[in-house]
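Have a look at the sequence and the 3D structure below. We'll take a short tour of a few spots inside the fold, one at a time.

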Amino acid sequence: MTTSIRDKQIAALKQMLNLNSPEYKDNGSEPVWKVLIYDRRGQDILSPLIPIKELRECGVTLHLSIHSERDPIPDVAAIYFCMPDQDNLDRIAQDFQNNVYEKYYLNFISAICRQKLEDLASSALQTENVSHVHKIYDQYLNFISLEDELFILSNQNAQSVSYYALNRADAKDTDVEVMMDDTVDGLYSVFVTLGTLPIIRSARGNAAEMVAEKLDKKLRENLRDTRNSLFSSENSGIYNFQRPLLVVLDRNIDMATPLHHTWTYQALVHDVLKLNLNRVTVAQEQKKPKTFDLDPKDSFWTTHKGSPFPTVAESIQSELEHLKNSEEEVKQLKESMGLDGESDVALAMMSDNTAKLTSAVNSLPQLLEKKRLIDMHTDLATSILSVIKSRRLDLLFEFEEKVMSQASLDKQILDIINDTEAGTAEDKMRLFIIYYIYTHSITDSDTDMYSSALEKQGCDLSPLKYIKRWKMFSNITSTSNQYGGGTKSVNMFEKLLSHTSSFVMEGVKNLVVKRHTFPVTRIVDELLENKQSSGTSDEFRYFDPKQLRSSDGFKSKNNFSEVIVFIVGGGNYIEYQNLLEYVRNKTVSPGVPQLRIVYGSTVVNNAPEFLEQLSLLGQELH
């Protein structure tokens, strides 16, 4: 089993926390106690990967922001984990000046340039701290791993690389250049961490092509520098067959999916609740909001995050029943041992039931942890369910699926727009944009009629203005039958309608999602299968950093076992789940390794965030 990008990033971080020695193993000796200092980017990278408990195990007694007020702590080693930007370097120089720590281990998330390194050296020299600076490392960890198959490049500064920032009217060439360089720096870190050189495919004539060209150039430069090459094991070419395919795509290839009302658990959590860096916040009436961590170690989450919501509700119900039975067993065991009665009887029964009791006691921590996780999923599902009911998300999802799969519609879109119970103004706008993108025969007079109906429902029409322009300039004649799929409604909720059930699903359709393929998944499939007939292969440029000269002419005959799909301008959980489903359903020939797909993007947006960006772009079109 190949090590995932998330595991490799965790290993690199733990090595850094162990003062850049191979990872600390528990051999009875105490770890070296130290202080961790990070900037906002460092915090974003660390928080989904290393919980505070594990920081303690690595010997970190205190973790602080680099720009916070920090008191001097003599006789302690300090690990800095930050970007090599001027603000951070000035603050490090200030720490030298104030003799804040005994030993400095400086770890830069991205490579520090020669000039900045010299400035840092001179400030260490002036403050007589040269002997205190023990190590300086370029870590190449400038990306955020959210799951084994999912990474993003930005979180707290997501606006700087958003779809809006890339497409806004007043974006200067220099701004776009900086955005592209940041994106390339992140992708470069991904491949240094993986230790592999990709073969790159990218669409022509957009930001994705710019990223692919720059990344290819950066990888080539590193390969040429044989003394400092970060891919030295690759130079021999022995690992050629293990090289991944990197597919770089622009958000503009598919504008409907990011606005789609979804029906799978993880994408619903992201759409209707606040999911950020695997942490979700659930608002509660007249109470403080609850925060939950969605941990990849949580087996229920990993099993069901891609499942349709009704299936999740059913599974929670059966897990609750299972827990109830386990609790009953422990209770009966206590009664049978007389632990609730006379102590003499208890002693007499003890020899027979000791083994049973030991087993029950040993399984108690797992039982309690399982109960905590199921309670958490019950809270999440209950919150999602109330939103589904109040906004009729099942109705919107079903209609959009039919539109996207070009199926015949049993309802008029005008009826849904005018239905006051079907979604918020934002939901109606999302629904109509999807309808507008996928309906080729729509006339200007129809659009005006729909627009006035949307306005009456309180919709902001700015996003539609931008989408009209986008549709005019985009070649989207190919959207017909790209999608395939749809839904069928099945009444499977009888089980859930008992009064003891936590979920009263009455009035919510159980939509069983048929298999379908979103545009991103379709493109990946065509590139993998080398389907020349569709023309996709010719529309996509080809880069191989290991070839002496850059050439589009050579087409790879590789059977790739790993594909990294990267979206410039923002990704979403809907596409991510669709790619994972594609891998699960792909038939594998005997002897060929199972395909693995990793999904990455500059940022991960939910539909309200993406709609807001479209609104800002629409407001610029006057």
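How many of the seven residues of strand 16 (residues 562-568) are buried? Keep in mind as you look that this is a predicted model. The count is seven of the seven, so strand 16 is largely enclosed by the rest of the structure.

Now turn the view so you can see which way the side chains go. In a regular strand, the side chains alternate between the two faces of the sheet. Glu-562, Ile-564, Phe-566 and Val-568 point one way from strand 16, while Val-563, Val-565 and Ile-567 point the other way. Whichever way they point, all of these residues are buried.

What sits beside strand 16? It has a parallel partner in strand 9 and another in strand 17. Here are the two pairings next to each other:

| Partner of strand 16 | Bridges | Direction | Example pair |
|---|---|---|---|
| Strand 9 (residues 245-250) | six bridges | parallel | Val-247 opposite Val-565 |
| Strand 17 (residues 596-601) | six bridges | parallel | Arg-596 with Glu-562 |

Next stop: a loop. Arg-70 is found between strand 2 (60-65) and strand 3 (73-82). Is Arg-70 buried or exposed? Its relative accessibility is 9%, and buried means under 20%, so Arg-70 counts as buried. The side chain of Arg-70 reaches the backbone oxygen of Ile-66 at 2.9 Å. If you skip the neighbours within four places in sequence, Arg-70 is still in contact with Ile-37, Leu-64, Ser-65, Tyr-80, Arg-91, Asp-95, Val-100 and Tyr-101.

Finally, let's hunt for empty space. Rolling a probe the size of a water molecule over the atoms shows where such space is left. How many cavities of 30 Å³ or more turn up? The count comes to one, and the largest cavity has a volume of about 70 Å³.

Which helices help to line the largest cavity? Helix 10 (265-272) and helix 21 (573-585) each supply at least two residues of the lining. Helix 10 gives the largest share, with three residues. Among the lining residues you can pick out Pro-258, His-260, Ala-267, His-270, Asp-271, Tyr-573 and Asn-605. Sorted by type, the lining of the largest cavity has five nonpolar residues, six polar ones and one charged one.

Methods:
Residues are numbered from 1 along each chain as its sequence is written. This is a predicted model: local features need pLDDT of at least 70, side-chain atom pairs count only at pLDDT 80 or more; totals for chains, interfaces and linings use all residues. Side-chain values use heavy atoms; hydrogens and water are left out. On a 1 Å grid over the protein atoms alone, a cavity is a set of points where a 1.4 Å probe fits but cannot get out, and a pocket is an open set with protein on both sides within 12 Å along at least five of seven lines; lining residues have an atom within 4 Å of a point. Grid points are joined across faces, edges and corners, and a volume is the space filled by probe spheres set on the points. Helices (H or I, at least four residues) and strands (E, at least two) are DSSP runs, numbered from the N terminus. Ala, Val, Leu, Ile, Met, Phe, Trp, Tyr, Cys and Pro count as nonpolar, Asp, Glu, Lys and Arg as charged, and the others, Gly among them, as polar. Buried means under 20% relative accessible area, exposed over 50%, partly exposed in between (1.4 Å probe, protein chains only). A polar contact is a pair of N or O atoms within 3.5 Å; within protein, one must be able to donate a hydrogen and the other to accept it, and residues adjacent in sequence count only if both atoms are side-chain atoms. Contact means heavy atoms within 4.5 Å. Two strands pair if DSSP finds at least two bridges between them.
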